[in-house]
Amino acid sequence: MPTLFIDTVSKRYERDRWALHEFSLRMEAGVLGLVGPNGAGKTTLLKMLATLLLPTEGHMTWNGQDMLRHPEMVRRVLGYVPQDFGVYPQISARVFLHYLGELKGLRGAHLRRRVESVLEMVSLSADADRRLKTFSGGMVRRLGIAQALLNEPRLLVLDEPTVGLDPAERVRFREMLPSLSGERTVIFSTHIISDIEATATHLALLNHGRLSWTGTPEALLADAAEALWTLTIPQAEFASLRTHYRVSSAIPRGGSVEMRILAANPPHPQAIRANPTLEEAYLLFQEEMGQAGRAEAFASPKQISPS
Ligand SMILES: Nc1ncnc2c1ncn2[C@@H]1O[C@H](COP(=O)(O)OP(=O)(O)OP(=O)(O)O)[C@@H](O)[C@H]1O
Ligand SMILES: [Mg+2]
């Protein structure tokens with residue numbers, strides 16, 4: 001099984017400003033969701049994995065081989081979708097993939113087979129001869145993933161693959177991701193925690209360039225298992241509860257409000273314990289880190305868009 005090992009990697013673009021600081025992670029096959037707000041250092045880390053950027057400090061190995069000394073070894077096994085993936089508007093998806101496949105060194109019948117196969121994997125076969133200027137944002141994203149799969153990568157790196165997708169396309173992406181993983185190591189970034197649900201086997205939370213938490217989504221949920229309450233109260237009582245508790249959602253129902261509240265103890269005599277979503281577990285984690293006196297190192301939960 002291929003192993004990716006990122007060993008205390010740091011990146012400094014400017015003096016005294018670390019975009020990424022002492023990031024370490026070991027991973028075998030599976031899907032890692034890298035979550036963090038804008039500027040957290042996600043793209044910086046993914047570009048280093050894609051051999052487009054060198055760390056200022058630290059080491060990275062793939063199957064025990066030095067990725068910094070042997071970028072060509074990485075590129076042979078790598079598929080990469082950059083955050084700003086762009087296409088040529090006048091050509092078709094099929095022509096575009098042939099072109100990129102040739103750049104990757106694929107030729108002849110093998111290239112043709114790979115193009116058809118990746119089109120199939122991202123459900124674009126029926127649209128393969130349409131010009132790319134007619135593609136929706138979600139179709140372009142899927143094409144980005146298709147080109148990354150051309151060389152059957154063992155290491156697949158996707159930078160914000162769900163940005164700009166409508167809800168239906170987002171669901172489609174989530175459904176597609178597990179089928180892509182197989183024997184692969186897949187790493188994708190997002191600032192939307194719900195992208196992680198049902199797709200990622202591992203989770204890494206990044207805040208201001210630092211890894212603040214890593215583990216399985218289930219472990220993050222388990223940490224929050226006893227801390228989520230639901231409660232329906234009259235509108236008039238809502239304001240006071242809201243000032244005292246972290247409210248993860250509040251839905252008006254007639255004259256009442258249906259609330260979900262994060263708290264260690266029951267926030268109200270009528271509150272009922274419920275299962276937290278991954279997003280609520282994440283909010284709780286951020287809150288606890290803040291209370292532990294390390295708030296400055298972590299973003300305010302409000303910076304994460306509650307989708
Ligand atoms: N080429 C660069 N030169 C100087 N600073 C940079 C450069 N690229 C990124 N940074 C800084 O490094 C930090 C991390 O940026 P990065 O793009 O890795 O974050 P991100 O998590 O991908 O953010 P986003 O969610 O907005 O894509 C930010 O403070 C950013 O301003
Ligand atoms: Mg980015």
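**Notes on the domain contact and the magnesium site**

1. Between domain 1 and domain 2 there is 1 residue pair in polar contact, both at pLDDT 80 or more (N or O atoms within 3.5 Å; within protein, one must be able to donate a hydrogen and the other to accept it, and residues adjacent in sequence count only if both atoms are side-chain atoms). On the side of domain 1 that touches domain 2, strand 9 (202-207) and strand 10 (210-215) are the elements giving two or more residues (strands are DSSP E runs of at least two residues, helices H or I runs of at least four, numbered from the N terminus).

2. A word on the basis: this is a predicted model, where local features need pLDDT of at least 70, side-chain atom pairs count only at pLDDT 80 or more, and totals for chains, interfaces and linings use all residues. Residues are numbered from 1 along each chain as its sequence is written, chains are lettered from A and ligands numbered from 1 in the order written, and side-chain values use heavy atoms, leaving out hydrogens and water.

3. The split is domain 1 (4-215) and domain 2 (222-292), with bounds from an automatic or database domain assignment. Each domain puts 7 residues into the contact (heavy atoms within 4.5 Å).

4. Now the magnesium ion (ligand 2): its protein donors are Thr43 (OG1) and Gln83 (OE1), 1.9 to 2.2 Å away (donors are N, O and S atoms within 2.8 Å of the metal, 3.2 Å for Na, K and Ca; water is not among the atoms, so sites may look incomplete). Thr43 sits in helix 1 (42-49) and Gln83 in the loop between strand 6 (78-81) and helix 3 (93-103), so the pair ties together parts 40 residues apart in sequence.
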